[in-house]
Amino acid sequence: RINMRNVYLVLILCCLVGCNHKTEEGKSLMVTHESIQLKNDYLGKPGPIIELDKKIVGIDYALDSCLFYIDIETDSLYRFGPRGVGPGEFIYPHTIQHLDKNRFGIFDLQARKYTQIQIKNHQIHMETPVAVANDKIGMSFDVKQISDNSYLGMGPYPKEMFVFMDSLSNTKSSFFEFPYKDASEKALKNHLRAMAYQGRLVLNTDRDRVAFTSIWGEIFQIYKVEKDSLVLLNKSEKVYPKYTIEDSQDGYSAPMYGSNIVGYISSTANNQYIYLLYSGTKLEDYAKAQKEFDASTIHVFNWEGEKVQTFTLDIPCTNICISSDNQVLWAIANNPDPELVKFNLPTIEK
(Lines give C-alpha, C1' and ligand atoms only; values in the text may rest on other atoms or scores of the structure.)
Protein backbone atom coordinates (compact mmCIF):
# COMPACT_ATOMS: atom_id res chain seq x y z
CA ARG A 1 0.00 0.00 0.00
CA ILE A 2 1.00 3.62 -0.42
CA ASN A 3 2.77 5.41 2.39
CA MET A 4 0.21 8.16 2.86
CA ARG A 5 2.72 10.29 4.71
CA ASN A 6 4.68 10.68 1.48
CA VAL A 7 1.58 11.76 -0.44
CA TYR A 8 0.57 14.29 2.17
CA LEU A 9 4.18 15.42 2.53
CA VAL A 10 4.02 16.66 -1.05
CA LEU A 11 0.79 18.51 -0.27
CA ILE A 12 2.20 20.01 2.91
CA LEU A 13 5.47 21.03 1.22
CA CYS A 14 3.41 22.81 -1.42
CA CYS A 15 2.08 24.98 1.43
CA LEU A 16 5.38 25.74 3.18
CA VAL A 17 7.95 27.68 1.24
CA GLY A 18 8.54 30.06 -1.67
CA CYS A 19 11.05 32.07 -3.67
CA ASN A 20 11.15 33.95 -6.93
CA HIS A 21 12.46 32.55 -10.20
CA LYS A 22 14.17 34.57 -12.92
CA THR A 23 12.84 34.08 -16.42
CA GLU A 24 14.81 34.22 -19.64
CA GLU A 25 15.92 37.77 -20.20
CA GLY A 26 13.96 39.69 -22.80
CA LYS A 27 11.26 37.08 -23.15
CA SER A 28 8.91 38.03 -20.34
CA LEU A 29 6.26 40.71 -19.85
CA MET A 30 5.76 42.16 -16.37
CA VAL A 31 2.13 42.38 -15.21
CA THR A 32 0.91 44.13 -12.07
CA HIS A 33 -1.75 42.98 -9.64
CA GLU A 34 -4.86 44.52 -8.18
CA SER A 35 -5.80 43.37 -4.68
CA ILE A 36 -9.42 42.33 -4.17
CA GLN A 37 -10.54 43.48 -0.74
CA LEU A 38 -13.23 41.14 0.56
CA LYS A 39 -16.06 42.98 2.27
CA ASN A 40 -17.36 40.32 4.62
CA ASP A 41 -14.84 37.57 5.42
CA TYR A 42 -11.30 36.28 5.03
CA LEU A 43 -9.40 33.41 3.41
CA GLY A 44 -7.72 30.75 5.56
CA LYS A 45 -5.20 28.74 3.52
CA PRO A 46 -6.54 28.78 -0.05
CA GLY A 47 -5.73 25.95 -2.43
CA PRO A 48 -6.63 25.55 -6.14
CA ILE A 49 -9.14 28.02 -7.62
CA ILE A 50 -11.31 28.28 -10.76
CA GLU A 51 -13.47 30.97 -12.36
CA LEU A 52 -17.16 30.13 -12.55
CA ASP A 53 -19.75 32.65 -13.85
CA LYS A 54 -18.44 35.81 -12.18
CA LYS A 55 -17.26 33.84 -9.18
CA ILE A 56 -13.90 32.53 -8.00
CA VAL A 57 -14.41 29.11 -6.44
CA GLY A 58 -11.71 27.42 -4.41
CA ILE A 59 -10.57 24.99 -1.75
CA ASP A 60 -9.55 26.15 1.73
CA TYR A 61 -7.20 23.79 3.57
CA ALA A 62 -7.40 25.54 6.97
CA LEU A 63 -11.07 25.98 7.80
CA ASP A 64 -13.94 23.68 8.75
CA SER A 65 -15.79 24.84 5.63
CA CYS A 66 -13.31 23.59 3.06
CA LEU A 67 -14.85 25.23 -0.04
CA PHE A 68 -15.53 28.88 -0.79
CA TYR A 69 -16.56 31.21 -3.57
CA ILE A 70 -16.03 34.91 -4.07
CA ASP A 71 -18.61 36.95 -5.96
CA ILE A 72 -16.35 39.18 -8.02
CA GLU A 73 -19.17 41.67 -8.64
CA THR A 74 -19.66 42.36 -4.93
CA ASP A 75 -16.28 41.19 -3.53
CA SER A 76 -18.15 39.04 -1.02
CA LEU A 77 -17.03 35.60 0.17
CA TYR A 78 -19.29 32.61 0.86
CA ARG A 79 -18.30 29.35 2.57
CA PHE A 80 -19.73 25.86 2.06
CA GLY A 81 -18.68 22.20 2.00
CA PRO A 82 -18.21 21.22 5.67
CA ARG A 83 -15.30 18.98 6.59
CA GLY A 84 -16.36 15.52 7.76
CA VAL A 85 -17.39 12.03 6.70
CA GLY A 86 -21.16 12.49 6.36
CA PRO A 87 -23.35 13.26 3.32
CA GLY A 88 -22.35 16.53 1.66
CA GLU A 89 -19.08 16.63 3.62
CA PHE A 90 -15.45 16.36 2.53
CA ILE A 91 -12.39 14.83 4.16
CA TYR A 92 -9.57 16.25 2.01
CA PRO A 93 -10.70 18.01 -1.18
CA HIS A 94 -7.57 18.13 -3.29
CA THR A 95 -8.32 19.36 -6.82
CA ILE A 96 -11.10 21.37 -8.43
CA GLN A 97 -12.33 21.25 -12.03
CA HIS A 98 -14.44 23.66 -14.10
CA LEU A 99 -17.27 21.80 -15.85
CA ASP A 100 -19.56 24.50 -17.28
CA LYS A 101 -21.00 27.93 -16.49
CA ASN A 102 -22.52 26.88 -13.18
CA ARG A 103 -20.94 23.50 -12.35
CA PHE A 104 -17.61 22.29 -11.09
CA GLY A 105 -16.15 19.08 -9.70
CA ILE A 106 -14.18 18.32 -6.53
CA PHE A 107 -11.85 15.35 -6.12
CA ASP A 108 -11.54 14.30 -2.48
CA LEU A 109 -8.12 12.65 -2.20
CA GLN A 110 -8.72 10.86 1.08
CA ALA A 111 -12.36 9.86 0.53
CA ARG A 112 -11.50 8.84 -3.07
CA LYS A 113 -14.68 10.42 -4.37
CA TYR A 114 -15.58 12.94 -7.07
CA THR A 115 -18.45 15.33 -6.37
CA GLN A 116 -20.20 17.51 -8.92
CA ILE A 117 -21.46 20.83 -7.51
CA GLN A 118 -23.69 23.54 -8.97
CA ILE A 119 -23.83 27.16 -7.85
CA LYS A 120 -26.70 29.17 -9.27
CA ASN A 121 -28.20 32.32 -7.80
CA HIS A 122 -26.14 31.67 -4.66
CA GLN A 123 -27.86 28.30 -4.23
CA ILE A 124 -25.55 25.29 -3.90
CA HIS A 125 -26.54 21.82 -5.05
CA MET A 126 -24.28 18.78 -4.63
CA GLU A 127 -24.71 15.61 -6.66
CA THR A 128 -24.17 12.21 -5.07
CA PRO A 129 -20.40 11.61 -4.98
CA VAL A 130 -18.95 9.13 -7.45
CA ALA A 131 -16.45 6.61 -6.09
CA VAL A 132 -13.24 6.86 -8.14
CA ALA A 133 -11.23 3.93 -6.76
CA ASN A 134 -11.45 0.17 -6.98
CA ASP A 135 -9.36 -2.85 -6.01
CA LYS A 136 -7.42 -2.75 -9.28
CA ILE A 137 -6.33 0.87 -9.31
CA GLY A 138 -6.38 1.80 -5.62
CA MET A 139 -5.51 5.43 -5.00
CA SER A 140 -5.34 8.31 -7.47
CA PHE A 141 -3.38 11.54 -7.14
CA ASP A 142 -5.91 13.38 -9.31
CA VAL A 143 -9.23 12.61 -11.02
CA LYS A 144 -10.98 14.62 -13.72
CA GLN A 145 -14.42 14.14 -15.24
CA ILE A 146 -14.28 13.76 -19.02
CA SER A 147 -17.98 13.05 -19.61
CA ASP A 148 -21.02 11.89 -17.64
CA ASN A 149 -19.77 8.31 -17.49
CA SER A 150 -16.03 8.75 -17.88
CA TYR A 151 -13.44 9.80 -15.30
CA LEU A 152 -9.72 10.11 -15.92
CA GLY A 153 -7.50 9.14 -13.01
CA MET A 154 -3.76 9.53 -12.55
CA GLY A 155 -1.88 7.73 -9.80
CA PRO A 156 0.51 4.99 -8.64
CA TYR A 157 -1.19 2.16 -10.46
CA PRO A 158 0.63 -1.16 -11.02
CA LYS A 159 1.68 -0.53 -14.64
CA GLU A 160 -0.07 2.61 -15.86
CA MET A 161 -0.04 6.36 -15.35
CA PHE A 162 -3.66 6.95 -16.40
CA VAL A 163 -6.92 5.02 -16.12
CA PHE A 164 -10.42 5.72 -17.39
CA MET A 165 -13.23 4.76 -15.00
CA ASP A 166 -17.00 4.79 -15.35
CA SER A 167 -19.47 6.16 -12.79
CA LEU A 168 -19.45 2.79 -11.00
CA SER A 169 -15.64 3.00 -10.59
CA ASN A 170 -15.06 0.18 -13.06
CA THR A 171 -11.76 0.49 -14.95
CA LYS A 172 -12.46 0.84 -18.67
CA SER A 173 -8.94 1.35 -20.03
CA SER A 174 -5.44 2.34 -18.96
CA PHE A 175 -2.50 4.06 -20.63
CA PHE A 176 1.18 5.04 -20.51
CA GLU A 177 3.57 4.93 -17.58
CA PHE A 178 5.30 7.54 -15.45
CA PRO A 179 8.36 9.32 -16.88
CA TYR A 180 11.93 8.11 -16.51
CA LYS A 181 15.27 9.66 -17.44
CA ASP A 182 17.19 6.49 -18.35
CA ALA A 183 17.04 2.69 -18.50
CA SER A 184 17.92 2.34 -14.83
CA GLU A 185 14.97 4.48 -13.72
CA LYS A 186 12.68 2.77 -16.20
CA ALA A 187 13.50 -0.53 -14.51
CA LEU A 188 11.83 0.73 -11.31
CA LYS A 189 8.26 -0.39 -10.84
CA ASN A 190 5.75 2.12 -12.19
CA HIS A 191 3.97 2.64 -8.86
CA LEU A 192 7.30 3.53 -7.21
CA ARG A 193 8.24 6.05 -9.91
CA ALA A 194 4.79 7.55 -9.54
CA MET A 195 5.61 8.73 -6.03
CA ALA A 196 8.46 10.84 -7.43
CA TYR A 197 6.51 12.16 -10.41
CA GLN A 198 3.44 13.40 -8.60
CA GLY A 199 1.66 16.27 -10.30
CA ARG A 200 -1.71 17.48 -11.46
CA LEU A 201 -3.91 17.45 -14.53
CA VAL A 202 -5.58 20.40 -16.22
CA LEU A 203 -8.14 20.21 -19.05
CA ASN A 204 -9.30 22.61 -21.69
CA THR A 205 -12.88 23.91 -21.63
CA ASP A 206 -14.15 21.24 -24.04
CA ARG A 207 -12.45 18.50 -21.99
CA ASP A 208 -10.81 16.91 -25.00
CA ARG A 209 -7.24 17.98 -24.15
CA VAL A 210 -5.28 17.18 -20.97
CA ALA A 211 -2.00 18.58 -19.69
CA PHE A 212 0.09 16.92 -16.97
CA THR A 213 2.59 18.97 -14.96
CA SER A 214 5.08 17.66 -12.40
CA ILE A 215 5.65 19.13 -8.96
CA TRP A 216 9.34 18.17 -9.03
CA GLY A 217 11.68 18.95 -11.90
CA GLU A 218 10.37 20.40 -15.16
CA ILE A 219 8.06 17.95 -16.89
CA PHE A 220 5.06 18.88 -19.01
CA GLN A 221 2.94 16.61 -21.21
CA ILE A 222 -0.10 17.21 -23.45
CA TYR A 223 -2.65 14.57 -24.45
CA LYS A 224 -5.70 14.40 -26.68
CA VAL A 225 -8.79 12.58 -25.40
CA GLU A 226 -10.31 10.16 -27.89
CA LYS A 227 -13.29 8.37 -26.32
CA ASP A 228 -11.75 6.36 -23.48
CA SER A 229 -8.17 6.68 -24.60
CA LEU A 230 -5.34 9.22 -24.61
CA VAL A 231 -3.04 10.19 -27.46
CA LEU A 232 0.24 11.90 -26.59
CA LEU A 233 0.55 15.17 -28.52
CA ASN A 234 3.66 16.69 -26.98
CA LYS A 235 5.97 16.34 -24.04
CA SER A 236 8.81 18.34 -22.53
CA GLU A 237 11.01 16.64 -19.93
CA LYS A 238 13.82 19.06 -19.18
CA VAL A 239 14.61 18.32 -15.52
CA TYR A 240 13.97 15.03 -13.71
CA PRO A 241 13.55 14.65 -9.94
CA LYS A 242 16.25 13.17 -7.69
CA TYR A 243 14.94 10.72 -5.12
CA THR A 244 15.35 7.47 -3.29
CA ILE A 245 12.86 4.61 -3.01
CA GLU A 246 11.47 3.19 0.21
CA ASP A 247 9.48 0.01 -0.34
CA SER A 248 8.43 -2.24 2.55
CA GLN A 249 5.47 -4.11 3.97
CA ASP A 250 4.38 -0.87 5.66
CA GLY A 251 4.15 1.03 2.40
CA TYR A 252 6.21 2.73 -0.28
CA SER A 253 7.42 6.25 -0.91
CA ALA A 254 10.02 8.33 -2.78
CA PRO A 255 11.82 10.78 -0.48
CA MET A 256 13.18 13.77 -2.36
CA TYR A 257 16.69 15.26 -2.31
CA GLY A 258 16.91 18.87 -1.19
CA SER A 259 18.66 19.73 -4.46
CA ASN A 260 15.48 19.00 -6.39
CA ILE A 261 13.94 21.78 -8.45
CA VAL A 262 10.35 22.59 -7.58
CA GLY A 263 8.52 22.83 -10.88
CA TYR A 264 4.91 23.66 -11.68
CA ILE A 265 2.98 24.63 -8.57
CA SER A 266 -0.32 25.58 -10.24
CA SER A 267 -1.92 25.32 -13.68
CA THR A 268 -5.01 26.60 -15.46
CA ALA A 269 -6.31 26.37 -19.02
CA ASN A 270 -9.07 27.16 -21.50
CA ASN A 271 -9.57 26.12 -25.11
CA GLN A 272 -6.80 28.42 -26.35
CA TYR A 273 -3.93 28.25 -23.89
CA ILE A 274 -2.37 26.53 -20.88
CA TYR A 275 -0.99 28.78 -18.11
CA LEU A 276 1.64 27.27 -15.81
CA LEU A 277 2.92 28.87 -12.62
CA TYR A 278 6.56 27.79 -12.52
CA SER A 279 9.06 28.00 -9.66
CA GLY A 280 12.46 26.61 -10.67
CA THR A 281 13.79 26.98 -7.13
CA LYS A 282 15.56 24.23 -5.17
CA LEU A 283 13.60 22.47 -2.46
CA GLU A 284 16.36 23.12 0.10
CA ASP A 285 16.12 26.86 -0.58
CA TYR A 286 12.39 26.72 -0.03
CA ALA A 287 12.91 24.88 3.24
CA LYS A 288 15.25 27.61 4.49
CA ALA A 289 12.71 30.30 3.62
CA GLN A 290 9.94 28.59 5.65
CA LYS A 291 7.29 30.05 3.39
CA GLU A 292 4.49 28.69 1.30
CA PHE A 293 5.35 27.58 -2.24
CA ASP A 294 4.85 30.60 -4.49
CA ALA A 295 6.27 31.84 -7.76
CA SER A 296 6.22 34.79 -10.12
CA THR A 297 6.68 33.18 -13.54
CA ILE A 298 3.78 32.20 -15.81
CA HIS A 299 4.63 30.16 -18.91
CA VAL A 300 1.85 30.16 -21.51
CA PHE A 301 1.58 27.32 -24.06
CA ASN A 302 -0.86 26.51 -26.81
CA TRP A 303 -2.33 23.01 -26.99
CA GLU A 304 0.31 21.97 -29.52
CA GLY A 305 2.91 22.48 -26.81
CA GLU A 306 4.46 25.67 -28.22
CA LYS A 307 5.34 28.39 -25.72
CA VAL A 308 3.60 31.58 -26.81
CA GLN A 309 4.32 33.93 -23.89
CA THR A 310 5.96 34.31 -20.50
CA PHE A 311 4.62 36.70 -17.88
CA THR A 312 6.38 37.88 -14.74
CA LEU A 313 3.98 38.67 -11.89
CA ASP A 314 4.81 41.63 -9.68
CA ILE A 315 3.85 39.60 -6.61
CA PRO A 316 4.53 35.89 -5.98
CA CYS A 317 1.38 33.74 -6.12
CA THR A 318 0.40 30.25 -4.97
CA ASN A 319 -2.56 29.33 -7.20
CA ILE A 320 -3.91 30.70 -10.47
CA CYS A 321 -6.93 30.53 -12.79
CA ILE A 322 -7.54 32.15 -16.18
CA SER A 323 -10.68 33.75 -17.55
CA SER A 324 -12.29 32.22 -20.64
CA ASP A 325 -11.27 35.22 -22.78
CA ASN A 326 -7.60 35.18 -21.60
CA GLN A 327 -7.91 38.76 -20.38
CA VAL A 328 -7.75 38.22 -16.62
CA LEU A 329 -5.52 35.99 -14.53
CA TRP A 330 -6.88 35.48 -11.02
CA ALA A 331 -4.49 34.32 -8.32
CA ILE A 332 -3.96 33.78 -4.61
CA ALA A 333 -1.08 35.72 -3.06
CA ASN A 334 0.21 36.13 0.48
CA ASN A 335 0.34 39.87 1.02
CA PRO A 336 1.16 39.05 3.81
CA ASP A 337 -2.17 37.32 4.52
CA PRO A 338 -3.82 35.29 1.76
CA GLU A 339 -5.80 37.42 -0.67
CA LEU A 340 -7.35 37.23 -4.12
CA VAL A 341 -5.47 39.28 -6.71
CA LYS A 342 -6.26 40.15 -10.31
CA PHE A 343 -3.89 40.60 -13.27
CA ASN A 344 -5.14 42.23 -16.47
CA LEU A 345 -3.18 40.52 -19.23
CA PRO A 346 -2.15 41.96 -22.58
CA THR A 347 -3.29 40.19 -25.72
CA ILE A 348 -1.15 37.20 -26.59
CA GLU A 349 0.24 37.41 -30.10
CA LYS A 350 -0.56 34.14 -31.86
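Does Asn326 count as buried or exposed, and at what relative accessibility? I will start with that residue, and I should say at once that what we are looking at is a predicted model. At 12% relative accessibility Asn326 counts as buried, because the cut-off for that class is under 20%. Asn326 sits in the loop that joins β26, residues 319-322, to β27, and its phi is near 65°, which is a positive value in a residue other than glycine.

Let me step back to the chain as a whole before returning to single residues. The protein chain contains 4 helices and 28 strands, and its C-alpha trace spans about 55 × 50 × 40 Å along the principal axes. For 350 residues a compact globule would be expected to have a radius of gyration near 20 Å, and the value for this chain, 19 Å, agrees with that. Buried residues account for 54% of the 350 residues, and if we take the contacts with a separation of 6 or more, 50% of them are between residues 24 or more positions apart.

On the surface, the accessible area of the protein chain comes to about 15,400 Å², and carbon and sulfur atoms contribute 47% of it. As for charge, there are 37 positive and 43 negative side chains, with the centres of the two sets lying 4 Å apart.

Now to one piece of the strand architecture, namely β16 and β17. Strand β16 covers residues 199-203, and since 4 of its 5 residues are buried, it is largely enclosed by the rest of the structure. Its partner β17, residues 209-214, pairs with β16 in the antiparallel sense over 5 bridges, and within that pairing Gly199 has Ser214 as its bridge partner. The two strands form a hairpin with 5 residues between them, and in the turn Arg207 has a positive phi of about 60°.

Next, the stretch around β7 and β8, where two residues deserve a careful look. Asn102 is placed in the loop between β7, residues 93-98, and β8, residues 103-108, and with a relative accessibility of 14% it counts as buried. Leaving aside residues up to four places away in sequence, Asn102 touches Leu52, Asp53, Ile117, Gln118, Ile119 and Lys120.

Gly105, which is found in strand β8 itself, also counts as buried, at 1% relative accessibility. With the same exclusion of residues up to four places away in sequence, the residues that Gly105 touches include Thr95, Ile96 and Gln97, as well as Tyr114, Thr115 and Gln116. To give a sense of distance across the model, the C-alpha atoms of Gly105 and Ser259, which are 154 residues apart along the chain, are separated by 35 Å.

Finally, there are two further points of backbone geometry that you may wish to find in the structure. Asp75, in the loop between β5, residues 65-71, and β6, residues 76-82, has a phi near 55°, again a positive value in a residue other than glycine. The peptide bond from Asn335 to Pro336 is cis, with omega near -10°, and Pro336 lies in the loop between β27, residues 328-334, and β28, residues 338-344. Strand β27 brings us back to the opening question, since the loop between β26 and β27 is where Asn326 lies, counted as buried at 12% relative accessibility.

Definitions and conventions: Residues numbered from 1 in each chain as written. Predicted model: local features only at pLDDT ≥ 70, side-chain atom pairs only at ≥ 80, totals over all residues. Heavy atoms only, no water. Rg over C-alpha atoms; globule rule 2.2 N^0.38 Å. Buried < 20%, exposed > 50% of the residue type's maximum accessible area, 1.4 Å probe, protein only. Contact = heavy atoms within 4.5 Å. Areas by Shrake-Rupley, 256 points an atom, 1.4 Å probe, with all protein chains shown as cover. Lys, Arg positive; Asp, Glu negative; His and termini not counted. Charge placed at Lys NZ, Arg CZ, Asp CG, Glu CD. Pairing = 2+ DSSP bridges.
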